[in-house]
Amino acid sequence: MELYEIAELYWIFVCKWYIISGVLYNIDERMHIMTKKKSTMFLVPLILLLTVVPQIVYIYEYDSGLTQFDWSASFDTKWDFFMYYKSIAIIMIAVVMCLLLAYRYKAKQREFKLCYEFIPVVVYAAFTFLSSIFSQYRYFSFHGASEVFESLWVLLSYCVIAFYAYQFVDTFEELDYVMKWLTVGLAVMLVVGIAQATGHDLYTSKIGQKIITGGIGDIDLTFEKGRVFLSVYNPNYVASYFALMIPVEIALFIQNKKWQYRVLYAVMFIASLVCLLASGNRSGIVAFAVTAVLVILLFFKKILKAWKFVVPGIAVAAVVFAVFLSKNDFIIEKFVRLFSAEDMPEDPISKIVTEEDVAITYYGEVFHVNYLFTEEGYVNVEIYDDAGEPVNSTLDETTYTYTIQDERFPGFTVQAVNLNEEVAIGVNADNKLWYFKKGEDGTFYYYNVFGRWDKINNAPRVATQFLEKKFEERGTIWSKTIPMLKHCILFGTGADTYTVTYPQDDYVNKVYDNSTAALDVKPHCFYLQVATQSGIPAMIAVVVFYVWYFVTSVRLYKKVSYEDGAEVIGAGLMCATFTYMVISFLNDSTVAVAPIFWIMMGLGISVNEMVKRKQEPQPEAVEGKKAQNAGKSAANAKKAKVAGK
């Protein structure tokens, strides 16, 4: 995208935001959410990330840059609707945040709040930056990769967002203001989700298609009818979104005492459950189950005291689940498949090596085939086993096909063919047809589904018995991703480089998985995503950052009385981020949801400090207590003197 196009997009983006914010600000004034004297301009970037950015859906045509790899299609033009412009908006907002932080520090003479909990964030940012600088695929790190667009600048923006939220939300009034806007953003998302759940997807309507494509034509964006994917691109990310939102909804329900607000949040809670279930994502249900166990362990006594709210809440959730599952039994089947899979038989062909000859391993026996050109220009095919002994075969001279007569390789045939004006051999093994040709380097190449010649990579895998086919095929991806970690001990492969470093050329596995044309662009695990791209130290830093916050929060919220709104929202933020981190074992980071998580992390740390400040005795109270103690000491001394006389 050209610079002037980005500037034009940014101008339109800002103008639209101020129109919307102007209308909502008037509503906000009437509701007396904050006093008129209180400036909220510094909170606008956070509000944009919570309300406007998640809703950005617009067509973007681009060159993926993948044609340089033989495992990719030679046609490079692709279209994105959900990710690219979100990533651009995130970067722009992060730049504005940096400017506002500098302005506040210099012009307003306000120093930054210091917090050691952000040290791991600095470490993560540093290793992500260095991994991208030293990456073999810097283009993707700096520009973003197809379908993901989580470039180095986006990842660094996440760090800025968390720090900004921590710095600028320092009072309960500011926190409450942000929560109101979070509610607005969630309400818009729920309208989209309920429409999709009822089979009325706004994005595939005539008006919706004109808006998001600029009127260039009709597109097919949907999953099956009734499946919720919101504006976050994939149902998997719906679970990540509601992992953050549902705990905060519950906290806001508890914190707001007015019945109007409680009705609002109760309705939104039910709508959120419907959208979560209609997404068909089981990982979200698992994550909430884990969070429920945590909440029971930490707040059991308080839950018993609040039984008037807890029992109806559980009852409503149970009814929503029962009604939905009674009409959608597919989610039960998919839930079962999340943790189990049918015992798959061993693939007959375990690997194919394309070097000086083609070596096909079939149930442990190795079948070799090679061809040479005779002086007369004929093709001489050689077929032998791993010991170098010829394999019995018969030749059909009319089709020039060798039929193997060896019981070790039943049904195998070999045929010399002319493929795209090139001499090649076709091997029919295990009822699958494989084409190979000898390249200029004297080694063989495989003809893939994209019509390109490539080497076959027999990617190393781990824990195949435990992982393969489990967790809805995620386990298969993990089994090939984990061996990649040995190259990421210090630095990773660079931001957003997973697509080009994952073994996309593991053709044998792809053939048996019926995924020859598919590209795995993410590991479906946030922790593996960070470790492979930013390095293992970066992944450890992220985990330390969260564990530090989580342990601090648990210690804090086990003691509080929850009579203060900050305490309730702080506990909600803790549960929300915990649920997100649990679901991140099965989901990746994405520009559609990750900014909200990083905002909540910054808010969570700031709220913890608010709660601690209220627990600490105020200076006036301390001085008063000292004076009172001094008075008591003087009185006691006087009494002792009188008693002595």
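**Close-up 1. A nonpolar patch on the surface of this predicted model.** Tyr116, Ile119, Val123, Ile540, Val544 and Trp548 come together here to make a nonpolar surface patch of about 570 Å². Two helices, helix 4 (119–133) and helix 19 (536–557), each put in at least two residues. Helix 19 gives the largest share of the patch, with three residues. Val544 is one of the patch residues, and it sits in helix 19. Val544 counts as partly exposed because its relative accessibility is 38%, which falls between the 20% and 50% cut-offs.

**Close-up 2. The largest pocket and the helices around it.** This pocket has a volume of about 1700 Å³. Its lining runs to 44 residues, and those nearest the centre are Ile250, Ile254, Val295, Ile303 and Val310. Which helices each supply at least two residues of the lining? They are helix 9 (235–255), helix 10 (259–278), helix 11 (282–305), helix 12 (307–327) and helix 20 (565–583). Helix 11 is the one to look for when getting your bearings, as the largest share of the lining, twelve residues, comes from there. By residue type, the lining splits into 33 nonpolar, five polar and six charged.

**Close-up 3. Arg452 and Asp70, a salt bridge between two loops.** A search of the whole structure turns up ten salt bridges, and here is one of them: Arg452 pairs with Asp70, with the closest N and O atoms 3.4 Å apart. The pair links distant parts of the chain, 382 residues apart. Arg452 belongs to the loop between strand 12 (444–447) and strand 13 (453–454), while Asp70 belongs to the loop between strand 1 (60–63) and strand 2 (77–80). Are the two partners buried or exposed, or something in between? Arg452 counts as buried because its relative accessibility is 17%, under the 20% cut-off. Asp70, with a relative accessible area of 30%, is partly exposed.

**Close-up 4. Asp170 and Arg613, a loop-to-helix salt bridge.** The two side chains meet at 3.8 Å, N to O. Asp170 lies in the loop between helix 6 (152–168) and helix 7 (172–197), and Arg613 lies in helix 21 (residues 594–615), so this pair ties together parts that are 443 residues apart in sequence. Asp170 counts as partly exposed, at 22% relative accessibility. Arg613 is partly exposed too, with a relative accessible area of 36%.

**Close-up 5. A salt-bridge network, with Gly364 in the frame.** Glu365, Asp385, Asp406 and Arg408 are linked in a network of salt bridges. Zoom in on Arg408 and Asp406, whose side chains meet at 2.8 Å, N to O. Which of these two is buried, and which is partly exposed? Asp406 counts as buried because its relative accessibility is 15%, whereas Arg408 is partly exposed, with a relative accessible area of 28%. Also shown is Gly364, in the loop between strand 4 (358–362) and strand 5 (365–373). Gly364 counts as exposed, at 58% relative accessibility. Along the sequence, Gly364 and Arg408 are 44 residues apart; in space, their C-alpha atoms are 9.6 Å apart.

**Close-up 6. Phe149, a positive phi in a buried loop residue.** Phe149 is not a glycine, yet its phi is positive, at about 55°. You'll find Phe149 in the loop between helix 5 (138–143) and helix 6. Phe149 counts as buried because its relative accessibility is 4%.

**Close-up 7. Glu421, a positive phi in an exposed loop residue.** Glu421 has a phi near 65°, a positive value in a residue other than glycine. What lies on either side of the loop that holds Glu421? Strand 9 (413–419) and strand 10 (422–429) are the two elements that the loop joins. Glu421 is exposed, with a relative accessible area of 74%.

Methods: Residues numbered from 1 in each chain as written. Predicted model: local features only at pLDDT ≥ 70, side-chain atom pairs only at ≥ 80, totals over all residues. Heavy atoms only, no water. Patch = residues over 30% accessible without salt bridge, like charges linked within 9 Å, V, L, I, M, F, W, Y side chains within 5 Å. Areas by Shrake-Rupley, 256 points an atom, 1.4 Å probe, with all protein chains shown as cover. Salt bridge = Lys/Arg side-chain N within 4 Å of Asp/Glu carboxyl O. Helix = DSSP H or I, 4+ residues; strand = E, 2+ residues; numbered from the N terminus. Buried < 20%, exposed > 50% of the residue type's maximum accessible area, 1.4 Å probe, protein only. 1 Å grid on protein atoms, 1.4 Å probe; cavity = no way out; pocket = protein on both sides within 12 Å on 5 of 7 lines; lining within 4 Å. Points joined across faces, edges and corners; volume = space filled by probe spheres on them. Nonpolar A, V, L, I, M, F, W, Y, C, P; charged D, E, K, R; others polar.
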